[in-house]
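Visitor: I'd like a close look at a single part of this protein. Could you take me through the nonpolar core and the aromatic rings that go with it?

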Amino acid sequence: MKSRTAAARYEFLTSDRTEPLAAARKATSLSLPYLLPPSGHSAGNDLPTPWQSMGARGCNVITSKIMMALFPVNTSFFKLQVSDGEFVANPQLNAKIRSEVDASLAKMERIVNQSITGGLDRVVLTQGIRHGVATGNGLLFDSKDGLKFYPLDRYVCVRDGNSRPIEILTVEGVDRDTLPAKFRAQDEKKTNGVQKDSAGPSSVTEVTLEEGEVLVYTWAKVTEGQWRWYQEIDGVKLGGSDGQCPVDSPAWIPIRFNIVDGENYGRGRLEEFIGDLQSLEGLTKALVEGSAV
């Protein structure tokens, strides 16, 4: 895991992501372009506007239905309870104790639901499902500050023969002024081994850096039955960035809408109708421009 830099490993794994990313960008260009902007897009630039809204409506409707099915309003989407077998195996647990246990578990359910509703987790989950419908992929990270989402152009992953993720790398742009002093002191024109004269797209990733930003990589890998990860800047490990979690309770969750056997990435729902959407796009454009003439 430490034999090469995270930047080099990320660049090596992007070749496997090229085709799924291109298909995802085609689907979002006909539906919701802001989900996966074109390569090189930076904040403040205009995004292409589709000539029809069928793709956007379809994506939003499916997302809403999935969210309602998974997280129904005013209803707990899970239930905590002790199995009847446990009470049978322990005769000392009488009806009164069982009632108290059920009441305590019901209270815990309410606390969890209130936490999800009151925080940003529901918003992040909606974003993840919308990306899943449109692009077929997305990455959720359960950090101590809550859920965080990475779109397809911000991460790469490797799966084993059973489709279980075993390696994940993410990349994002971070302002140098927020970093420790030793990283702020480095040459700001050099970012992760890539010489940069000004803000713009990095030649290693598709991340567009704004002025004063630097690429931060997070490298997570299954090692000795544990997920272990750390962050790297300019090829140097960021102190205090180490983390770990059990394999059976991962903090990193790469989601796929439609699974393709043998591939590390999935396919979105919109990709199944890409021919219809392209035809509708062309016909709508011809109709609008013809009517204008």
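**Inside the core**

Guide: Sure! Keep in mind that this is a predicted model. The largest nonpolar core has 31 residues, and the ones touching the most other members are Tyr 155, Leu 169, Tyr 217, Trp 227, Trp 229 and Trp 252. Where do they come from along the chain? At least two core residues each are supplied by helix H1 (6-29) and by the strands S1 (137-143), S3 (155-159), S4 (165-175), S9 (213-223) and S10 (226-233). H1 gives the most, with six residues. There's another core lying apart from this one: it has 18 residues, including Met 67, Leu 125, Ala 134 and Leu 140.

Now for the rings. A pair of aromatic rings is described by how far apart the centres are and by the angle between the planes. The count here comes to nine aromatic pairs. Take Tyr 150 and Trp 252: their ring centres are 6.3 Å apart, with 35 degrees between the planes, and that makes the pair tilted. Tyr 150 sits in strand S2 (residues 146-150) and Trp 252 in strand S13 (residues 252-256), so this pair ties together parts that are 102 residues apart in sequence. Both Tyr 150 and Trp 252 are buried.

Trp 219 and Tyr 230 make another tilted pair, at 6.4 Å centre to centre and 40 degrees between the planes. Here Trp 219 belongs to strand S9 and Tyr 230 to strand S10, and the two residues are eleven apart. Are these two buried or exposed? Buried means under 20% relative accessible area. Trp 219 has 3%, so it counts as buried. Tyr 230 comes in at 5%, so that residue is buried too.

Tyr 230 has a charged partner as well: the charged end of Lys 237 sits over its ring, 5.4 Å from the centre. You can find a similar arrangement at Phe 12, where the charged end of Arg 4 sits over the ring at 5.8 Å from its centre.

Let's go back to Tyr 150 and Trp 252 for a moment. Ring pairs link them with Phe 141 and Trp 229 into a cluster. Remember Trp 229 and Trp 252? Both are among the residues that touch the most other members of the largest core.

One last stop, at a pair of helices. The axes of helix H2 (residues 54-70) and helix H5 (residues 121-135) come within 9 Å and cross at roughly 130 degrees. H2 and H5 are therefore oblique to each other, and the crossing is right-handed.

Key. Residues are numbered from 1 along each chain as its sequence is written. This is a predicted model: local features need pLDDT of at least 70, side-chain atom pairs count only at pLDDT 80 or more; totals for chains, interfaces and linings use all residues. Side-chain values use heavy atoms; hydrogens and water are left out. A nonpolar core is a set of buried Ala, Val, Leu, Ile, Met, Phe, Trp, Tyr and Cys residues joined through side-chain atoms within 4.5 Å. Buried means under 20% relative accessible area, exposed over 50%, partly exposed in between (1.4 Å probe, protein chains only). Helices (H or I, at least four residues) and strands (E, at least two) are DSSP runs, numbered from the N terminus. Rings of Phe, Tyr and Trp (its six-membered ring) pair if their centres lie within 6.5 Å; planes under 30 degrees apart count as stacked, over 60 as edge-to-face and the rest as tilted. A charge sits over a ring if NZ of Lys or CZ of Arg is within 6 Å of the ring centre and within 35 degrees of the ring normal. Axes are lines fitted to C-alpha atoms, for helices over the stretch in contact, and angles run from 0 to 180 degrees between N-to-C directions. Angles under 35 degrees count as roughly parallel, over 145 as roughly antiparallel, 65 to 115 as roughly perpendicular and the rest as oblique. A crossing is left-handed if the near helix is turned anticlockwise from the far one by less than a right angle, and right-handed if clockwise.
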